[in-house]
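Subject: Structure for you to look over

Dear colleague,

I am passing on the structure we spoke about, together with some notes on what turned up when I went through it. Please open it alongside this message and tell me where you would like more detail.

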Amino acid sequence: PYPDTPLHALFEAQAARTPAATALLAGDVRLSYAALNERADRMAGYLRGRGVRPGSVVGVSLPRSLDQIAALLAILKTGAAYLPLDPAYPPQRLQEMVADAGAGLVLGPADLSDLPAAAPGHADLRLPLDAPACLLYTSGSAGLPKGVLATHRGAVNHCQWLWETY
């Protein structure tokens, strides 16, 4: 049986077990589980202050970085789903994806400077595993791009399979 726990809660449990262990490595920069969790909590507080709630969709237009991973975790911690937006895509395509997804907020590099200095407290969020985690768009090679919703259950099952297999 696979864990009956959403993605962000599995991460938080790992951060509690191994706070000093390296969670992310980007070039010469290492981020511990505790530091990544704290950064994601600060971002989640910022997102809640901007009206992000369970069931929301938040666009993420950030380059691949430590902050991008923290942002994805933060969105999951609010109960929302993230919509990855590649900054290299044509602006028209990005606008269509945001509109079609109903994303009420797009998180960009400028938002990262507005984070609170400390992580605000938050209630323990209980999400069903069938709650949306991510909204991905197809390439649109056969017509218009279509949004495909990924749930926490699918992601957790995939991660569990990876852990068992590798």
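**Surface, fold and cysteines**

The chain exposes about 9100 Å², and carbon and sulfur atoms supply 57% of that area. Please keep in mind throughout that this is a predicted model, and that the values below were computed from its atoms.

As to the overall form, the chain has 166 residues and a radius of gyration of 16 Å, which agrees with the value near 15 Å that a compact globule of that length would have. The C-alpha trace spans about 45 × 40 × 35 Å along its principal axes, and buried residues make up 40% of the chain. Of the contacts between residues at least 6 apart in sequence, 67% join residues that are at least 24 apart. On the charged side chains, there are 13 positive and 14 negative ones, and the centres of these two sets lie 1 Å apart.

The secondary structure consists of 5 helices and 7 strands, and, read from the N terminus, the elements follow the order α-β-β-α-β-α-β-α-β-β-β-α.

You may wonder about the cysteines: how many disulfides does a search of the whole structure find? The search finds 0, and for Cys134 the reason is distance, because its sulfur is 12 Å from the closest cysteine sulfur, that of Cys159, which is too far for a bond. A disulfide would need the two sulfur atoms within 2.5 Å. Cys159 is likewise in no disulfide, the nearest cysteine sulfur being that of Cys134. The surroundings of these residues can be described as well: Cys134 is buried, with a relative accessible area of 7%, whereas Cys159 is partly exposed, with a relative accessible area of 26%.

Cys134 comes up again with Ala81, a residue in strand β4, which covers residues 81-84. Is Ala81 buried or exposed? At 2% relative accessibility Ala81 counts as buried, because the cut-off for that class is under 20%. Leaving aside neighbours within four places in sequence, Ala81 is in contact with Ser56, Val57, Val58, Ile75, Pro132, Ala133 and Cys134. The C-alpha atoms of Ala81 and Arg53 are 9.7 Å apart in space, with these positions 28 residues apart in sequence numbering.

Helix α5, made up of residues 152-165, holds His152, and His158 and Trp161 are found in that helix too. His152 counts as buried, at 0% relative accessibility. Which residues does His152 contact, once neighbours within four places in sequence are left aside? They are Pro6, Leu7, His8, Leu76, Leu127, Leu129, Ala131, Pro132 and Ala133. Pro132 and Ala133 appear among the contacts of His152, and they are also listed among those of Ala81.

His158, by contrast, is partly exposed, with a relative accessible area of 44%, and its C-alpha atom is separated by 22 Å from that of Val57, a residue 101 positions away along the chain. Trp161 also counts as partly exposed, at 39% relative accessibility. Beyond its neighbours within four places in sequence, Trp161 is in contact with Tyr2 and Tyr166, while Asp28, which is 133 residues away in sequence, lies 30 Å from Trp161, C-alpha to C-alpha.

The last residue I looked at is Pro145, which sits in the loop between β6 (132-137) and β7 (147-151). Pro145 counts as partly exposed, at 24% relative accessibility. Setting aside neighbours within four places in sequence, its contacts are Arg93, Tyr137, Thr138, Ser139 and Gly140. Pro145 and Leu127 are 18 residues apart in sequence, and their C-alpha atoms are 28 Å apart in space; Leu127 is one of the residues that His152 contacts.

With best regards

Terms used. Residues numbered from 1 in each chain as written. Predicted model: local features only at pLDDT ≥ 70, side-chain atom pairs only at ≥ 80, totals over all residues. Heavy atoms only, no water. Helix = DSSP H or I, 4+ residues; strand = E, 2+ residues; numbered from the N terminus. Rg over C-alpha atoms; globule rule 2.2 N^0.38 Å. Buried < 20%, exposed > 50% of the residue type's maximum accessible area, 1.4 Å probe, protein only. Contact = heavy atoms within 4.5 Å. Areas by Shrake-Rupley, 256 points an atom, 1.4 Å probe, with all protein chains shown as cover. Lys, Arg positive; Asp, Glu negative; His and termini not counted. Charge placed at Lys NZ, Arg CZ, Asp CG, Glu CD.
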